[in-house]
Amino acid sequence: MLGLSMLLLLFGGLSLDYWRGLAMQRELASIADSAALAGASGIDEEHYRATGEVVLDVTRSRQLAMLSVDTQDVSPTSISVSVTPGSVSVTVENTVELLLLGVFIDDDEPLLVRGSATASPRLIP
């Protein structure tokens, strides 16, 4: 009976910690999506007026993406924004502490969770 209880605790801890990791990943993916979309709205207006070509202003796009991440409820431990003239890629990372599963694992390292998104500007005819 004791062995069955320990096994039940192990699987319960695994499912609880896994669920918390998935919830954090969904939250980070949402943050990355909104930041990439915000960054993709930072077009270089002078270049567009001169040539009619839609390209991103790298500095403005990076600022918009970082501002979008900063206004979210969850503050990621790591933020990476990569901007090219044609797209914005945002990757955010955070950690999830293991609760019940931490009892069975000697490693004190938390679970690393990552969310990423890429967006590019385009004209809507």
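Which residues make a nonpolar surface patch of about 580 Å²? Select M1, L4, L7, F11 and L14, which make this patch. A patch is built from residues with over 30% relative accessible area and no salt bridge, where like charges are joined within 9 Å and nonpolar side chains (Val, Leu, Ile, Met, Phe, Trp, Tyr) within 5 Å. Accessible areas come from the Shrake-Rupley method with a 1.4 Å probe, and for residues only the protein chains shown count as cover.

This is a predicted model, in which local features need pLDDT of at least 70 and side-chain atom pairs count only at pLDDT 80 or more, while totals for chains, interfaces and linings use all residues. Residues are numbered from 1 along each chain as its sequence is written, and side-chain values use heavy atoms, with hydrogens and water left out.

**Stop 1: L4**

Stay on L4, in helix α1 (residues 2-40). Helices (H or I, at least four residues) and strands (E, at least two) are DSSP runs numbered from the N terminus. L4 has a relative accessible area of 57%, so it is exposed; buried means under 20%, exposed over 50%, and partly exposed in between (1.4 Å probe, protein chains only).

**Stop 2: the sheet**

Now select 78-84, 87-96 and 111-119. These are three strands in an open antiparallel sheet, in the order β1-β2-β3. β1 (78-84) and β3 (111-119) are the edge strands, each pairing on one side only. The average twist from one strand to the next is 10°. Two strands count as paired if DSSP finds at least two bridges between them; β1 and β2 (residues 87-96) are joined by seven. Within this pair, V83 stands opposite V88 in β2.

**Stop 3: helix α3**

Add residues 58-70, helix α3, which lies across β1 and β2 and runs at about 150° to β1. Axes are lines fitted to C-alpha atoms, for helices over the stretch in contact, and angles run from 0 to 180 degrees between N-to-C directions. Contact means heavy atoms within 4.5 Å.

Pick three residues in this helix. The contacts below leave out residues up to four places away in sequence.

- S61 is buried, with a relative accessible area of 0%. S61 touches G39, G42, L56, V83 and V88, so the V83 and V88 of the previous stop appear again.
- R62 is partly exposed at 34% relative accessibility. Its contacts are V81, S82 and V83. From R62 to P76 is 14 residues in sequence and 16 Å in space, C-alpha to C-alpha.
- S68 counts as buried at 11% and is in contact with S34, A35 and A38.

**Stop 4: salt bridges**

How many salt bridges are there? The count is three, a salt bridge being a side-chain nitrogen of Lys or Arg within 4 Å of a carboxyl oxygen of Asp or Glu.

Select E45 and R49, whose closest N and O atoms are 3.8 Å apart. The two are four residues apart in helix α2 (residues 45-51), which means about one helical turn between them. R49 is exposed at 66%, whereas E45 is partly exposed at 37%.

Next add R60, which meets E45 in a salt bridge (3.2 Å, N to O). This pair links distant parts of the chain, with E45 in α2 and R60 in α3, 15 residues apart.

Finish with R114 and E93, bridged at 2.7 Å between the closest N and O atoms. R114 lies in β3 and E93 in β2, so the pair ties together parts 21 residues apart in sequence. R114 is partly exposed at 46%, while E93 is buried at 17%. Shared partners join E45, R49 and R60 into one salt-bridge network.
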